[in-house]
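Visitor: I have a chain open on my screen and would like to walk through it with you. Could you put it up here so that we are looking at the same thing?

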Amino acid sequence: ALDTMNFDPIKNKPIRIMWSQRDPSLRKSGVGNVFIKNLDKSIDNKAMYDTFSAFGNILSCRVATDEEANSKGYGFVHFETEEAANNAISKVNGMLLNGKKVFVGRFIPRKERERLLGDKARRFTNVYIKNFGDELDDEKLVVIFDKYGKVTSAKVMVDENGKNRGFGFVSFEDPECAEKAVEELNGKDVGGKPLYVGRAQKKA
């Protein structure tokens, strides 16, 4: 029935026959869940099911549609096993389906996406330094900061007359190095003044 009747029309609506999954924890865990995007608008649930069923038992398969049942160009396939999902990702990701190169990857639940984005947002490579005198220039900034990691740029800001304005910026290659520099150098005495070292804020 799964192979022969799935998506057959009944009262002009395609029926969906899927494997019964009574374990709600499996459905909610995200195990075996695959996200597909850049789908051609002509690919419907049946076409996507036909494409992915070769890789293992499918618990659910859905192309996202708008109010008029037009494809939004992305969809989801939930496999019974993580192995089947990984196999589908490795085989179909980057393939041409109806002339369009599709992206296939692991579906990441919203809470996990937000957590990952939060971690990324907290990471930084640009450091802001202020409260120093004329004794510091670009080269001396590098000397102070490169012991914490590879410095990609260092700049003491100057006015139109070339006079040191008492603040500057250092960029690191690695966010962990930037964090360590902030932790260890903020408040450090340089030229008789406590140096301020913090994350450089992007202009709004």
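Visitor: Let me start at a small detail: which residue in β11 is the bridge partner of V158?

Guide: The bridge partner of V158 in β11 is N164, and please keep in mind throughout that this is a predicted model. The two strands concerned are β10, residues 151–158, and β11, residues 164–172, which pair in the antiparallel sense over six bridges.

Visitor: And what happens in the hairpin between them, how many residues are there between the strands?

Guide: The hairpin of β10 and β11 has five residues between the strands, and G162 takes a positive phi near 85° there.

Visitor: Where do those strands sit in their sheet, what's the order?

Guide: They belong to an open sheet of four strands with the order β10-β11-β9-β14 and antiparallel pairing. The edge strands are β10 and β14 (196–199), each of which pairs on one side only, and the twist averages 20° from one strand to the next. Further in, β9 and β11 run antiparallel and are joined by five bridges, with V127 standing opposite V170 in β11.

Visitor: Which helices lie across that sheet?

Guide: Helix α6 lies across β9, β10, β11 and β14, running at about 135° to β10, while α7 lies across β9, β11 and β14 and runs at about 150° to β14.

Visitor: OK, what about the largest nonpolar core, which residues have the most contacts inside it?

Guide: That core has 22 residues, and those with the most contacts inside it are V127, I129, L141, F145, V170, F172 and V197. The elements that give two or more residues to this core are β9 (126–130), α6 (138–145), β10, β11 and α7 (175–185), and the largest share, five residues, comes from α7.

Visitor: Pick L141 for me, what does it touch?

Guide: Leaving aside residues up to four places away in sequence, L141 touches L136, A154, K155, V156, F169 and V170. There is also a second, separate core of 20 residues, which includes V34, I58, F79 and L97.

Visitor: Let's move to the other open sheet of four strands, the one with β4 in it. What's the order there?

Guide: The order is β4-β5-β3-β8, with antiparallel pairing. At the edges stand β4 (58–65) and β8 (103–106), each with a single partner strand, so one side of each is left without a neighbour in the sheet. Neighbouring strands of this sheet are turned by 20° against each other on average, direction ignored.

Visitor: And how many bridges join β4 and β5?

Guide: They pair in the antiparallel sense over six bridges, and the bridge partner of V63 in β5 is G75. Helix α3 (residues 45–52) packs on the sheet, touching β3, β4, β5 and β8, and its direction makes about 140° with that of β4. Helix α4 (residues 82–92) packs on the sheet as well, where it touches β3, β5 and β8, and its direction makes about 150° with that of β8.

Visitor: Switching to aromatics, how many pairs are there?

Guide: The count comes to ten aromatic pairs. One of them is F35 with F76, a tilted pair with 5.5 Å centre to centre and 40° between the planes. F35 lies in strand β3 (residues 33–37) and F76 in strand β5 (residues 71–79), so this pair ties together parts that are 41 residues apart in sequence.

Visitor: Is F76 buried or exposed?

Guide: F76 counts as buried, because its relative accessibility is 19% and the cut-off for buried is under 20%. F35, by contrast, is partly exposed, with a relative accessible area of 22%. Both rings belong to one aromatic cluster, which F35, Y74, F76 and F107 form.

Visitor: Where do lysines sit over rings?

Guide: K37 lies over the face of F103, at 5.1 Å from the ring centre. In addition, the charged end of K130 sits over the ring of Y196, 5.1 Å from its centre.

Visitor: Last one, stepping back: how many helices and strands does the chain have, and what share of its residues is buried?

Guide: The secondary structure comes to seven helices and 14 strands, and buried residues make up 33% of the 204 residues in the chain. Among contacts between residues at least 6 apart in sequence, 59% join residues at least 24 apart.

Key
Residues numbered from 1 in each chain as written. Predicted model: local features only at pLDDT ≥ 70, side-chain atom pairs only at ≥ 80, totals over all residues. Heavy atoms only, no water. Pairing = 2+ DSSP bridges. Core = buried A, V, L, I, M, F, W, Y, C linked by side-chain atoms within 4.5 Å. Buried < 20%, exposed > 50% of the residue type's maximum accessible area, 1.4 Å probe, protein only. Contact = heavy atoms within 4.5 Å. Phe/Tyr/Trp six-rings, centres within 6.5 Å; stacked < 30°, edge-to-face > 60°. Lys NZ or Arg CZ within 6 Å of the ring centre and 35° of its normal. Axes fitted to C-alpha atoms, helices over the stretch in contact; angles between N-to-C directions.
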